Amino acid sequence: MNGENILAKPVEYNFFRAPVDNDTMKNDWYNAHLHEPTVKVYETAIAAEEGCAVIRVKQSFGWSIHQPFAKMTAEYRIGGNGALDISCYAEFSDKVEFLPRFGLRLFLPKKFADVEYYGYGEHESYIDKHQASYIGNFTAKIADMHEDYIRPQENGSHYGCTRMSVLGEKAALTFSNPDGFSFSASEYTQEELANKRHNFELEKCEFNVICADFAMAGVGSAACGPGLAEKYRIKLPTVSGKIRITPKGTIQ
């Protein structure tokens with residue numbers, strides 16, 4: 001943005017969430033290394049199309065020398081206004097029977113401290129957990145979006161959003177998709193939430209963590225009831241996603 005990099009590190013694809021109490025299949029996630037995938041790129045192509053710079057990539061996600069758990073083709077289309085359109089298509093192997101999430105993760109400086117969004121709010125919401133929420137325009141401070149469960153776990157996602165902006169003093173980063181997406185904005189990483197057993201042990205990340213999810217599985221009731229219904233799961237083996245990311249303003 002204006003020649004300055006606002007990301008602490010490159011945007012990454014995200015397949016893992018800090019397990020909730022109902023995620024009884026969490027060991028399968030760790031066994032497949034959804035939480036720490038190695039990315040391998042097999043092919044890239046760059047072109048100019050309709051006034052846009054277009055980058056196409058074929059890649060995989062896995063661990064070490066083992067079979068990848070997913071293979072993906074992705075397209076990044078950069079327009080003259082700076083907007084980035086991301087579209088991707090992934091095919092998952094039989095290593096993954098239940099996919100917790102499929103999306104992007106970004107780390108932004110703490111000066112990006114607020115969000116505004118249109119979707120289910122103002123409390124956290126998921127595909128199977130939003131009866132206490134309603135669709136509308138909401139604003140919030142990222143520092144206030146963490147749900148303080150005694151046992152740290154996935155929290156704070158917002159379902160059914162078509163637009164979300166992360167706001168700094170004079171700049172913003174806007175995510176949009178008319179078909180809907182989920183997002184979370186937190187002071188904690190999913191690794192921190194997954195690894196700590198008590199809320200008082202949590203340590204904040206030096207950056208604010210933004211997750212924009214093409215799909216987020218429901219949280220279910222498997223800890224004391226039936227497994228998550230199929231309609232609330234991410235349908236496998238193929239998943240696609242798209243989102244537009246638009247920067248605006250200047251960084252101070």
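**Exercise 1. Place Ser157 and list its surroundings.**

Ser157 sits in the loop between strand 8 (134-141) and strand 9 (158-167). The model used here is predicted. Decide whether Ser157 is buried or exposed, and find which residues Ser157 is in contact with, leaving aside neighbours within four places in sequence.

*Solution.*
- Step 1. Take the accessibility. Ser157 has 0% relative accessibility. Buried means under 20%, so Ser157 counts as buried.
- Step 2. Collect the contacts. With neighbours within four places set aside, Ser157 is in contact with Glu124, Ser125, Tyr126, Ser182, Phe183, Ser184 and Met216.
- Step 3. Check one further residue, Gly121. Ser157 and Gly121 are 36 residues apart in sequence. Their C-alpha atoms are 9.5 Å apart in space.

**Exercise 2. Describe the setting of Thr174.**

Find the element that holds Thr174, the polar partner of its side chain, and the residues that Thr174 touches beyond four places in sequence.

*Solution.*
- Step 1. Locate the residue. Thr174 belongs to strand 10 (residues 171-186).
- Step 2. Look for the polar contact. The side chains of Thr174 and Ser165 make one, at 2.7 Å.
- Step 3. List the residues touched. Not counting residues up to four places away, Thr174 touches Arg163, Met164, Ser165, Arg244, Ile245 and Thr246. Arg244 returns in the next exercise.

**Exercise 3. Work through three salt bridges.**

How many salt bridges does the rule give? Then examine the pairs Arg244 with Asp85, Glu187 with Lys110, and Glu192 with Lys196.

*Solution.*
- Step 1. Start with the count. It comes to 16 salt bridges.
- Step 2. Take Arg244 and Asp85. Their side chains meet in a salt bridge at 2.8 Å, N to O. The pair links distant parts of the chain, with Arg244 in strand 12 (residues 238-249) and Asp85 in strand 5 (residues 84-92), 159 residues apart. Arg244 has 38% relative accessibility, so Arg244 counts as partly exposed. Asp85, at 24%, also counts as partly exposed.
- Step 3. Take Glu187 and Lys110. The closest N and O atoms of this salt bridge are 3.7 Å apart. Glu187 lies in the loop between strand 10 and helix 2 (190-195), and Lys110 in the loop between strand 6 (101-108) and strand 7 (114-121), so the pair ties together parts 77 residues apart in sequence. Glu187 counts as buried at 13% relative accessibility. Lys110 counts as partly exposed at 33%.
- Step 4. Take Glu192 and Lys196. Their closest N and O atoms are 2.6 Å apart. Glu192 is buried, with a relative accessible area of 16%. Lys196 is partly exposed, at 22% relative accessibility.
- Step 5. Look for shared partners. Such salt bridges join Glu49, Arg56, Glu75 and Arg77 into one network.

**Exercise 4. Trace the partners of strand 5.**

Strand 5 already holds Asp85. Which way do strand 4 and strand 5 run, and how many bridges join them? Repeat for strand 5 and strand 12.

*Solution.*
- Step 1. Pair strand 4 (residues 70-78) with strand 5. They run antiparallel, joined by nine bridges. Glu75 has Ser87 in strand 5 as its bridge partner.
- Step 2. Inspect the connection. Strand 4 and strand 5 form a hairpin with five residues between them. In the turn, Gly82 has a positive phi of about 90°.
- Step 3. Pair strand 5 with strand 12. These run antiparallel too, joined by eight bridges. Here Tyr89 stands opposite Ser240 in strand 12.

**Exercise 5. Classify the ring pairs of Phe102.**

How many aromatic pairs does a search of the whole structure find? Then classify Phe15 with Phe102 and Phe92 with Phe102.

*Solution.*
- Step 1. The search finds 15 aromatic pairs.
- Step 2. For Phe15 and Phe102, the centres are 6.0 Å apart and the planes at 20°, so the pair is stacked. Phe15 lies in the loop between strand 1 (12-14) and helix 1 (26-32), and Phe102 in strand 6, 87 residues apart. Phe15 is buried at 1% relative accessible area. Phe102 is buried at 0%.
- Step 3. For Phe92 and Phe102, the centres are 6.2 Å apart with 85° between the planes, an edge-to-face pair. Phe92 lies in strand 5 and Phe102 in strand 6, so the pair ties together parts 10 residues apart in sequence.
- Step 4. Follow the links. Ring pairs join Tyr13, Phe15, Phe61, Phe69, Phe92, Phe102 and Phe214 into a cluster.

Methods. Residues numbered from 1 in each chain as written. Predicted model: local features only at pLDDT ≥ 70, side-chain atom pairs only at ≥ 80, totals over all residues. Heavy atoms only, no water. Helix = DSSP H or I, 4+ residues; strand = E, 2+ residues; numbered from the N terminus. Polar contact = N/O pair within 3.5 Å; in protein donor to acceptor, adjacent residues only side chain to side chain. Contact = heavy atoms within 4.5 Å. Salt bridge = Lys/Arg side-chain N within 4 Å of Asp/Glu carboxyl O. Buried < 20%, exposed > 50% of the residue type's maximum accessible area, 1.4 Å probe, protein only. Pairing = 2+ DSSP bridges. Phe/Tyr/Trp six-rings, centres within 6.5 Å; stacked < 30°, edge-to-face > 60°.
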